[in-house]
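Q: I'd like to learn how to read a model like this one, feature by feature. Can we walk through it together?

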Amino acid sequence: MLTLSFANWSLDKDLQIIHADVRFEIEGSVLVDEPVCVDVGLPALLLSGLENTEPNRWAPADEWGKMPFFVCGCGDPECRGFSFAVTHLDGDRLDIVEAEERQDGGFKTLDRFTVNAKEYRALVLEAGRTFLGFVAALDYRPYLADTVAVVSGLVGRLEAIAAENKVVD
């Protein structure tokens, strides 16, 4: 069983970050279940549906593909992050590693799961679509100025795969 849900989306106008209540659960293990900043790591989360990703929460903002998928409510990945590495095993499966990052590089594996790739892509695609709908009418000026464009491009790539597989409407 794989759950990735977002609720109670909000914009912190002062910090220009997007918060949501996130629940990420795999095979009964709850990996995230709390309000967090989602826009900092959303591009990396979406990218993980397309290619292998490995976290580095100390990477500069323009290396958005390395950010933890979810970060502290302050929006700073160095403060606290929920980090995951994703490896695509074949067309149908991917490996998700819950990671404890080390500042000198690399990470410690906390847990490892193999999930259905199509199901995972459908969930991250829904997150990206919901984000784009949420920010469309906002005066949203994130630290990474290209956040909306990056998310939009990744959503487009995920939608193309979904259309090929006829999994997501």
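A: Sure, and let's begin with the vocabulary: helices (H or I, at least four residues) and strands (E, at least two) are DSSP runs, numbered from the N terminus. Keep in mind that this is a predicted model, where local features need pLDDT of at least 70 and side-chain atom pairs count only at pLDDT 80 or more, while totals for chains, interfaces and linings use all residues. Residues are numbered from 1 along each chain as its sequence is written, and side-chain values use heavy atoms, with hydrogens and water left out.

Q: How many helices and strands are in the chain, and in what order do the elements run?

A: The chain has 3 helices and 7 strands. Reading from the N terminus, you get β-β-β-α-β-β-β-β-α-α.

Q: What radius of gyration does the chain have?

A: The radius of gyration is taken over C-alpha atoms, and the globule rule is 2.2 Å times the number of residues to the power 0.38. For 169 residues a compact globule would come out near 15 Å, and the chain has 15 Å, so the two agree. If you prefer extents, the C-alpha trace spans about 40 × 40 × 30 Å along its principal axes.

Q: What share of the residues is buried, and what share of the contacts links residues 24 or more positions apart?

A: Buried means under 20% relative accessible area, exposed over 50%, and partly exposed in between (1.4 Å probe, protein chains only). Here, 45% of the 169 residues are buried. A contact means heavy atoms within 4.5 Å. Taking the contacts with a separation of 6 or more, 53% are between residues 24 or more positions apart.

Q: Let's zoom in. Is I18 buried or exposed, and what does I18 touch?

A: I18 is in strand β2 (residues 17-26), and its relative accessibility is 0%, so I18 counts as buried. Skipping residues up to four places away in sequence, I18 touches W9, S10, L11, V36, C37, V38 and D39, and also F131, F134, V135, L138 and Y140. Three of those partners sit in β1 numbering, if you like to check: strand β1 covers residues 2-12. I18 also has P142 at 8.9 Å, C-alpha to C-alpha, though the two are 124 residues apart in sequence.

Q: And where is V22, and is V22 buried or exposed?

A: V22 is in strand β2 as well, and with a relative accessible area of 2% V22 is buried. Its contacts, again without residues up to four places away, are L4, S5, F6, V32, D33, E34, V36, V38 and F70. As for Y140, 118 residues along the chain from V22, the two C-alpha atoms are separated by 20 Å.

Q: What about backbone angles: what is the phi of N8 and of E27?

A: Both are positive, and neither residue is a glycine: about 55° for N8 and about 50° for E27. N8 is part of strand β1 (residues 2-12) and is exposed, with a relative accessible area of 58%. E27 belongs to the loop between β2 and β3 (29-37).

Q: Which residues is T87 in contact with?

A: Apart from neighbours within four places in sequence, T87 meets N52, L94 and D95. T87 is in strand β5 (residues 81-88) and is partly exposed, at 33% relative accessible area. T87 and E54 are 33 residues apart in sequence and 8.5 Å apart in space, C-alpha to C-alpha. Look at it from the N52 end too: N52 lies in the loop between α1 (42-48) and β4 (70-71), is partly exposed at 45% relative accessibility, and touches V86, T87 and H88 when residues up to four places away are left out.

Q: Now the helices. At what angle do α2 and α3 pack?

A: Two packed helices are described by the angle between their axes and the distance between the axes. Helix α2 (residues 117-135) and helix α3 (residues 147-165) pack at about 140°, with axes 9 Å apart. That makes α2 oblique to α3. Axes are lines fitted to C-alpha atoms, for helices over the stretch in contact, and angles run from 0 to 180 degrees between N-to-C directions. Under 35 degrees is roughly parallel, over 145 roughly antiparallel, 65 to 115 roughly perpendicular, and the rest oblique.

Q: Which residues of α2 and α3 meet?

A: From α2, the list includes V124, L125, F131 and L132; from α3, V151, V155, L158 and I161 are among them. By class, this contact has 11 nonpolar, 4 polar and 4 charged residues. (Ala, Val, Leu, Ile, Met, Phe, Trp, Tyr, Cys and Pro count as nonpolar, Asp, Glu, Lys and Arg as charged, and the others, Gly among them, as polar.)
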